[in-house]
Structure formats: structure tokens, C-alpha cells
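Me: I would like to go through this model and ask, term by term, what justifies each label. Please set the values against the definitions as you answer.

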Amino acid sequence: MKTDLFLSEGVKFKKNYKPDLLSWNEMANIINTRPLMNDKRVKLLGNNKRYEWLCTKWTKDPNCFPPSLIKKLIDNIMIYFVDMSRATEKINDFAKHIEDDYGKQTDAHIYVCRNLKIKHHFGVHYDFNHNLIVQCEGKTNFKVWDEVKNVDRNLKGIGINTRLEMEVEPIMDVDMESGDAIWIPKHFPHLATSLTPRLSVSFPLSEYSDTNLIREDRTWITL
Ligand SMILES: [Fe+2]
């Protein structure tokens, strides 16, 4: 069996590893491009409300959130946006770099939190994928605990991996600032606490998605 490079490297933190990956301005442009705001891409954390809006006769995809509604929501709850690895040239290039390094397909999940009163929806949790997280704007405290052994993948999806109560000290406790990056392998519990409004991009890597099976088209065309 091939060794899992991400796992063997363990938890890592690098200061100013990827500066200028995504700014508030660039994120606003993404949100303003309404066809990108399809409800499959927009994940509202801790909010099961159903939203409805009217569309004009010209709308091709009526399931895209209007930008003003997204603005209202991100000022109150945490939202993350998925399938964003080609949202900008810089994110696409960085995704390519990660895919080349680890030999796994990746995506870009953009996290936005602008309300410091809300707690992280998952609390202390671990993921079933590895994650490389780049802080883009603002400051977020990250705590990471040692690996949970004997994870039963069959239990995935029923909340065994979220809102964990930790009885030991974290193995890493860092304040992430713009440009900083953290590598969190699967099954390592972590907690992100926003200290200021923040924008970050998380690149998930699954052990079951080799780039030699299929690769995203990472060509960035110019005309
Ligand atoms: Fe996570």
C-alpha cells in the first residue's frame, strides 16, 4: 500500500505560506457572480431555513442565491462555499500545486465568518478527509488535538465526529493570520475560533481520489 504523504507529514503550521490567495474584494466578486451561488454550492451552517426568491424570465438557474441575501446571511451565520477550486486563477493554481504534491484530487471550500458572536457549528470535530487550510483575511485561532484512533467509517454522518469534549490539551494552538496555512490530517480533532471577521479556504483531500484516476482541468485559459 502506498504511504499517505499528508498523513505521514502530520499536523503542520506555516507562517505566511500562501499570501494573497483570496481577498474580501475577490470574494465579493464571486458572490456577485450569481450563477456561482447555486444552492448546492452554498452551505449555511446551523441554519435549516428555506429561502425563496423571485427570478426574472431570463434566469436559467433559479436555484442561485441573490447576492444581497448572501450578504445578509454572511453577516449573521457561518457559510461555506464548495466546488470553488476554479473560482479564481490563484485558487486554481494552488489547487493544482496541492494535487501535484499529494497525488489526490482537491476542491476549495471557502469559509466566511463575519459574526464573532456565533460559535463554530461543529465545535471540536474531526473530518474524514485531510484538510490544508489557508487563512486569507482576518484572524482565527486553531486548536488541533492528537489523532482519534479506531474511527468507524460506517458511523460517518450521524454526528460522532462533531461537538467533541476534549479532556487533553491540544497538540497545536495557533492564531492564523492572513497567508498562514495549517495541515490537518483526517481524524485529528480541531476547533476554529474566529477572533476577527475571517475568510479562509480549506482544501480537502480524500485518500480515495487519486489524480491518476481523474484530474480537474487546471488549465487557466487566456483569450
Ligand atoms: Fe474541519
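Me: What makes the side chains along strand S7 (residues 140-144) alternate?
Reply: Thr140, Phe142 and Val144 point to one face and are buried, whereas Asn141 and Lys143 point to the other and are not. Buried means that 20 or more other C-beta atoms lie within 10 Å of the residue's own, exposed means 12 or fewer, and partly exposed is in between, with C-beta atoms placed from the backbone. Strands (E, at least two residues) and helices (H or I, at least four) are DSSP runs, numbered from the N terminus. The model is predicted, and local features need pLDDT of at least 70, side-chain atom pairs count only at pLDDT 80 or more, and totals for chains, interfaces and linings use all residues. Residues are numbered from 1 along each chain as its sequence is written.

Me: How do you know that S7 and strand S8 (residues 172-176) pair?
Reply: Two strands pair if DSSP finds at least two bridges between them, and S7 and S8 have five, in the antiparallel sense. Lysine 143 stands opposite aspartate 173 in S8. S7 is also joined by five bridges to strand S10 (residues 190-194), again antiparallel, and there lysine 143 stands opposite leucine 191, while asparagine 141 has threonine 193 as its bridge partner.

Me: Why are S8 and S10 said to stand at the edges?
Reply: The open sheet of three strands has the order S8-S7-S10. S8 and S10 each have a single partner strand, so one side of each is left without a neighbour in the sheet.

Me: Why is strand S5 (109-113) called largely enclosed?
Reply: Five of the five residues of S5 are buried, so the strand is largely enclosed by the rest of the structure. His109, Tyr111 and Cys113 point one way and Ile110 and Val112 the other, and all are buried. S5 pairs antiparallel with strand S3 over three bridges, where phenylalanine 81 stands opposite isoleucine 110, and with strand S11 over five, where arginine 198 is the bridge partner of cysteine 113.

Me: What makes a set of residues the largest nonpolar core, and which of them touch the most other members?
Reply: A nonpolar core is a set of buried Ala, Val, Leu, Ile, Met, Phe, Trp, Tyr and Cys residues joined through C-beta atoms within 7 Å. The largest one has 44 residues, of which Leu22, Ile91, Ala108, Ile110 and Val201 touch the most other members. Its largest share, five residues, comes from helix H4.
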